[in-house]
Amino acid sequence: MTKRPELEKNFEPASFEMRWYKAQEDAGFFRPEAAAPDAKPFTIVIPPPNVTGRLHVGHALGRTLEDVLCRWRRMQGRAVLWVPGVDHAGIATQMVVERDLKERTGKSRHDLGREAFVSLCREWAGARRGDILNQIRRLGSSCDFSRVYYTLDEQRSRAVRHVFTTLYHEGLAYRAERMVNWCPSCATVLSDLEVNHVESSGHLYSIAYPLDGAPRDGGKGELVVATTRPETMLGDTALAVHPDDERYAGLAGRRVKLPLTGRSIPVIADSFVDPKFGTGVVKVTPAHDPNDFEAGKRNALESIAVIGFDGKMTAAAGAAYAGLDRFEARKKVLRDLDAAGLRRGEKSHVIPLARCQRCDTVVEPLVSLQWFVKVAPLAEKAVAATDAGETRFVPELWKKTYDEWMRNIRDWCVSRQLWWGHEIPAWYCPDGHVTVPRPGAGDPDACATCGAAKLVRDPDVFDTWFSSWLMPLSVLGWPEKTADFARFYPTSVLVTGFDILFFWVARMIMAGTSFDGRAPFADVVLHGLVRDEKGQKMSKTKGNVVDPLEMCDEFGADAVRFTLAVLSGTGRDLPFGKTRVAGYRAFATKVWNAARFALQMLEDGAAVPPDELDFASLGTVDRWILARLSEATAKVNAALESYRFDEAANALYQFFWSDFCDGYLEMVKPVLRGTDVVEAEKEKTRGVLKRVLLDSLALLHPFMPFVSCEIREALNGDGLGLTMEKFPEPRAAWTDDAAVEAIATLRAVVTRIRNLRAENGLAQTEALAIGLELPEGPLSKEMRRHVPLLTHLGRLKGVKISSKVEIAGAFRDVVAGVGLLVDLPKKEISSEDKEKLERELEQLRAEADKIRARLADESFLSRAPAAVVAKAKQQLEDLSERHRRLSGNLVGAPGV
């Protein structure tokens, strides 16, 4: 027979992983056109990594789970389209490029000018996009790289412009002065989702505001206000009390002196005041607090900005404070209040401090003229779609979180004071009129209101998420009616981290339902966040960051992928690190070595073709492994259908390691190497061995796409074809409960015998005599038939099988429901072993007593279903039998 290519003795994944990846990509297998023309589509759009960075372990998790799905569906014959892409990362890219510019030339972007700086950003991002895509390849991701998207390319720009102009002319996009989150460091507005609220230790300062005029009713003539931000008092335009707070009845309408300023401000009554906070009197600073901003509008208060967009105090704060950093101004205000005798104490206070998600700077609430989108009408459509089941959340618990956020959604501030990004298509004439072109129209030549020809374009760009929320619409060609959009939209599934449910997922559902009328994906799979092996968040400062690409180089991409799949349960945190990856590298090595052994066995002679096996004519061991293979296949398919990647990976691990390697390969050695076994039986077993190995490799392929191909090439000469091979399905014909029971019993007996040797300090080579007690029937017949195999595996010198076996002084146990007697070398039972046995017998007695009590309870017997009562009786019988057998090892033990 033709000699097959050999697998190297040592498992070295670096020698073949990228070779197989290139072969698969070059063959066109990653394109949907590789499937039959009428194949059902399966579409995934990759959450685009930022062009600024290197793929982190969170990306590796997402790409692994997506690739498992894509390779699995591809092998099922689906037309798989998995579109990769890169995000232009507006604020992040601008910060990196500007920092690099400063370090190289000492210049700022303003020194360079907008056009030159944007060109520099474009050049910088363009040089790195290829790196990101190659990192995605290194993980084994089978994306269609002929359809790569970039969130700042021409197609995405058309979609962004179309959506904004549509929203504007539908009255859903507007420009207004609103209270916004401002980052003085990034010099741009931030959306609510781009702000982290960090519990921080602060102080609550009490400040006296003297009342104008003489004190009334013997009062002190002052109102005391508690504030965490005394520097903003310079911009106060009122004090407020709750209208129902009797402590301050009659004060509304009076005026107080604003300390340090010489101004007089009114006292107002407004229900937004919490009487339980501080003194029940609050300062109202409309320019620097969201609640105060709304209160200012309700009460027609002046808005005085005393902190500027640079984080420094403005001229409106007064000459003594103008130009000071806001935190330095706080210290000076407190000193000056002390000097004026207006401090009334302070106390520690925990503050939910708002910080910029990007640079960690304390965010400043400021009033600014910005562009907003009214998202409530869009959210209503999105919730209706998810309620109708158009999109399903996995795990389902996230639907409630999504609903709650959507019900309380606020208008989205979409403008950013940056240069890098999608420019806002809005123009202004000298009179301040706004002109936004109609959808599909070009740039305007004149003001739509007054006809003025001199127009200036809005200098701002859109929030990065304003392009991202249009995926997967724009990725498939929308708003044009492309062939890809017609065939592949809506997409099948989105796999992403739960941390961007609101940033991205909810917004995409809003976009899809509003602009196309359909939800953009059928399922949303939200995975957890990857932590280090101790469960801690990874960070550079802790030094616990794990680079998945370095892991791929050290352990192989297959091992990294399998590790991530196993860890991807429904919990939020995934503990990931070298120890775990090394463990699944050992599994990959096990697969490799098992394949090498199988190949050696197959070289010894002919085999029944794997597709021509007659299940009924096979021996018990062969029928057992095929039945177990069919069970594992069913588990893998069912688990992947429900996105339980961990259950699918564990089913594969258990089958390949326990059933195939530790079980089947050990059990067929006597058959394939036995001189007294007829060749026809060997050929059948070789056929089964090859069938199991072929199907196992196919099952492993979505998780381990490289080692599976390398072994398949050695086994069948068609490793590349595995990518498009039909994915295994469970076979009803491979069902044999009797064979499964017999081999499970045999293996359990062998395992117990090996453990007994270890427990008693015996060499595993020491031959023992055993007895098996079980009633006459199919199982006893199978066990007798397999005495030679049991003797071989258990290294036995004698086996007795009967309903009652007598071996004087034998150790007794119950294994898999079978009584086991083992003739161990005679030695006195140690006090430790005796105590252990007594504890186990006592536990059995206690469990039996509980069940006996239930069976003596008439109410239980009358209410419980017959099956439940029967099960309880069987449990009592099993416990009694186990107690009887174990007590034989201990003279004088009381019975159950």
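Among contacts between residues at least 6 apart in sequence, 77% join residues at least 24 apart in the chain. The structure is a predicted model, and its single-residue and strand-level features are described below after the overall dimensions.

The chain holds 26 helices and 29 strands. Its radius of gyration is 37 Å, whereas the globule rule gives 29 Å for 896 residues; the value is well over that figure, so the chain is more spread out than a compact globule. The C-alpha trace spans about 110 × 70 × 55 Å along the principal axes. Of the 896 residues, 54% count as buried. The accessible surface amounts to about 39,500 Å², and carbon and sulfur atoms account for 50% of this area. Charged side chains number 121 positive and 123 negative, with the centres of the two sets 1 Å apart.

An open sheet is formed by four strands in the order β6-β5-β14-β16, with antiparallel pairing. The edge positions are taken by β6 (188-190) and β16 (412-413); each has a single partner strand, so one side of each is left without a neighbour in the sheet. Strand β5 (residues 173-183) runs antiparallel to β6, and three bridges join the two. One of the residue pairs at this junction consists of Cys-183 and its bridge partner Thr-188, the latter in β6.

A further antiparallel pairing links strand β10 (residues 255-258) with strand β11 (residues 263-269) over four bridges. Within this pair, Lys-257 stands opposite Ser-264 of β11. The two strands, β10 and β11, make up a hairpin in which four residues lie between them. Leu-260, located in the turn, has a positive phi of about 70°.

Three individual positions were examined in a helix, a strand and a loop. In the helix, Cys-70 is part of α2 (residues 57-75). Its relative accessibility is 0%, and Cys-70 therefore counts as buried, the cut-off being under 20%. Apart from neighbours within four places in sequence, the contacts of Cys-70 are Phe-42, Ile-44, Val-80, Trp-82 and Ser-142. Ala-565 is separated from Cys-70 by 495 residues in sequence, while the C-alpha to C-alpha distance between them is 14 Å.

Leu-768 belongs to strand β26 (residues 768-773). Leu-768 has a relative accessibility of 1% and counts as buried. Leu-796 lies 28 residues away along the chain, and the C-alpha atoms of Leu-768 and Leu-796 are separated by 4.8 Å. Leu-796 is also in contact with Leu-768, as are Arg-795, Lys-797 and Gly-798 among others. Beyond these, and with neighbours within four places in sequence left aside, the contacts of Leu-768 include Ile-753, Arg-757 and Leu-762, together with Val-822, Asp-823, Leu-824 and Pro-825.

The loop position, Asn-544, is found between β24 (529-531) and α14 (548-555). With a relative accessible area of 12%, Asn-544 is buried, since this value is under 20%. Arg-531 is 13 residues from Asn-544 along the chain, and 9.1 Å separates the C-alpha atoms of the two residues.

Methods. Residues numbered from 1 in each chain as written. Predicted model: local features only at pLDDT ≥ 70, side-chain atom pairs only at ≥ 80, totals over all residues. Heavy atoms only, no water. Rg over C-alpha atoms; globule rule 2.2 N^0.38 Å. Buried < 20%, exposed > 50% of the residue type's maximum accessible area, 1.4 Å probe, protein only. Contact = heavy atoms within 4.5 Å. Areas by Shrake-Rupley, 256 points an atom, 1.4 Å probe, with all protein chains shown as cover. Lys, Arg positive; Asp, Glu negative; His and termini not counted. Charge placed at Lys NZ, Arg CZ, Asp CG, Glu CD. Pairing = 2+ DSSP bridges.
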